[in-house]
Amino acid sequence: VPQDELKRIAAYKAVEYVKSGMVLGLGTGSTANFAVARIGQLLKEGKLKDIIAVATSTRTAEQAVAAGIPLSGLDDHPLIDLSIDGADEVDPDLNLVKGRGGALLREKMVETASATFVVVVDETKLVDALGGSGLAMPVEVVQFCWKYNAERLKKLPELAGCEVKLRMEGDNPFVTDNSNYIIELYFKEPIKDAKAAANAISSIPGVVGHGLFLDMATHVIIASVDGVTVRSK
Ligand code: DER
């Protein structure tokens with residue numbers, strides 16, 4: 001079963017939690033993309049009504065508009081009933097690494113405002129411990145003196161000697177929807193204490209977001225070749 005099909009299966013399962021009249025948070029990334037499309041389809045078929053959604057990125061907003069999903073924002077809808085989003089890593093306690101799609105700040109704003117946060121992944125995202133995938137963990141920083149902040153991140157004892165890299169888009173630094181840069185952290189070994197790491201990263205002035213989403217997910221839907229499982233807090 002191709003990974004894309006597993007992502008779609010997980011996303012469609014998550015949309016079963018959506019009820020008419022809900023205020024939704026719409027995630028960003030290829031898995032969330034399937035959920036947004038499915039919600040649009042059910043609205044078109046009249047199987048869902050009176051949905052208002054808050055998008056976690058400009059590209060998700062564009063997809064939602066095209067799919068006929070009415071959009072709003074946290075200013076007018078500060079309480080989100082249900083958010084659906086992907087993740088880059090999921091540990092056994094349902095803690096997450098997110099943000100490889102570059103939308104981590106708005107995702108965290110929306111998903112911390114959500115009563116229910118359903119994460120949708122294929123089985124390749126499961127890790128024993130966060131930072132264990134060896135892939136990037138993003139930190140969103142203001143553009144001002146980004147290199148200075150990258151060096152400060154690298155020196156944090158809680159990160160135990162990670163490598164840092166400015167995320168690029170072609171020949172230029174990647175710029176987020178919020179006009180910030182992303183410093184990618186690469187860990188040689190899994191993070192020992194994710195809470196301590198999250199607090200240390202957040203304590204650096206100029207850091208405006210990071211990809212550790214701890215104690216946030218209420219459900220994780222995992223699609224594998226053996227089927228779909230739902231884990232909840
Ligand atoms: O960037 C993000 O936070 C995405 O949700 C990411 O975590 C998952 O992206 P994917 O569904 O394309 O694998």
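Strands in this briefing are DSSP runs of at least two residues, numbered from the N terminus. Strand E7, for instance, covers residues 114-122, and Ser-114 belongs to it. The model you're looking at is predicted. A good place to get your bearings is the ligand, since the space it takes is the largest pocket. From there, we'll drop in on a few helices, some loops and a strand.

**Around the ligand**

- There are 15 residues around the ligand, and the ones that come nearest are Thr-28, Ser-30, Thr-31, Gly-101 and Lys-125.
- Look at the backbone of Gly-101, where a polar atom sits 2.5 Å from an oxygen atom of the ligand.
- Thr-28 does something along those lines: one of its polar backbone atoms is 2.7 Å from a ligand oxygen.
- Arg-100 joins in through its backbone too, with an N or O atom 3.2 Å from an oxygen atom of the ligand.
- How much of the ligand does the protein bury? Taken alone, the ligand exposes 350 Å², and 91% of that is buried by the protein.

**Thr-31, a ligand neighbour in helix H2**

- Helix H2 runs over residues 30-44, and Thr-31 is part of it.
- Is Thr-31 buried or exposed? Its relative accessibility is 4%, and buried means under 20%, so Thr-31 counts as buried.
- Leaving aside residues up to four places away in sequence, Thr-31 touches Lys-7, Ala-11 and Val-120.
- Thr-31 is also on the list of residues that come nearest to the ligand.

**Helix H4, mostly tucked away**

- Helix H4 spans residues 104-111, and six of its eight residues are buried, so the rest of the structure largely encloses it.
- Which residues of H4 are buried? They are Leu-104, Leu-105, Glu-107, Lys-108, Val-110 and Glu-111.
- Here's a handy bit of background: an α-helix has 3.6 residues a turn, so residues three or four places apart point the same way.

**Helix H3, with two exposed residues**

- Val-65 is in helix H3, which takes in residues 58-66.
- With 57% relative accessibility, Val-65 counts as exposed, because the cut-off for that is over 50%.
- Val-65 and Glu-169 are 104 residues apart along the chain, and 26 Å separates their C-alpha atoms.
- Ala-66 lies in H3 as well, and its relative accessible area of 67% makes it exposed.
- How far is Ala-66 from Gly-40, C-alpha to C-alpha? The separation is 8.6 Å, for a pair 26 residues apart along the chain.

**Two loop residues with positive phi**

- As a rule, most residues other than glycine have a negative phi.
- Asp-50 isn't a glycine, yet its phi is positive, near 50°.
- You'll find Asp-50 in the loop between H2 and strand E2 (52-55), where it is exposed with a relative accessible area of 64%.
- Ser-179 isn't a glycine either, and its phi is positive at about 65°.
- Where is Ser-179? It lies in the loop between strand E11 (172-173) and strand E12 (181-186).
- Ser-179 counts as partly exposed, at 47% relative accessibility.

**Cys-145, in another loop**

- Cys-145 is found in the loop between strand E8 (137-141) and helix H5 (146-155).
- At 41% relative accessibility, Cys-145 counts as partly exposed.
- From Cys-145 to Phe-174 is 29 residues in sequence, and 15 Å in space from C-alpha to C-alpha.

**Back to strand E7**

- Ser-114, in E7, is buried, with a relative accessible area of 14%.
- Which residues does Ser-114 touch, not counting those up to four places away in sequence? The answer is Ile-80 and Ser-83.

Note on methods: Residues numbered from 1 in each chain as written. Predicted model: local features only at pLDDT ≥ 70, side-chain atom pairs only at ≥ 80, totals over all residues. Heavy atoms only, no water. Helix = DSSP H or I, 4+ residues; strand = E, 2+ residues; numbered from the N terminus. Buried < 20%, exposed > 50% of the residue type's maximum accessible area, 1.4 Å probe, protein only. Contact = heavy atoms within 4.5 Å. Near = heavy atom within 4 Å. Polar contact = N/O pair within 3.5 Å; in protein donor to acceptor, adjacent residues only side chain to side chain. Areas by Shrake-Rupley, 256 points an atom, 1.4 Å probe, with all protein chains shown as cover. 1 Å grid on protein atoms, 1.4 Å probe; cavity = no way out; pocket = protein on both sides within 12 Å on 5 of 7 lines; lining within 4 Å. Sits in = over half its atoms within 2 Å of the grid points.
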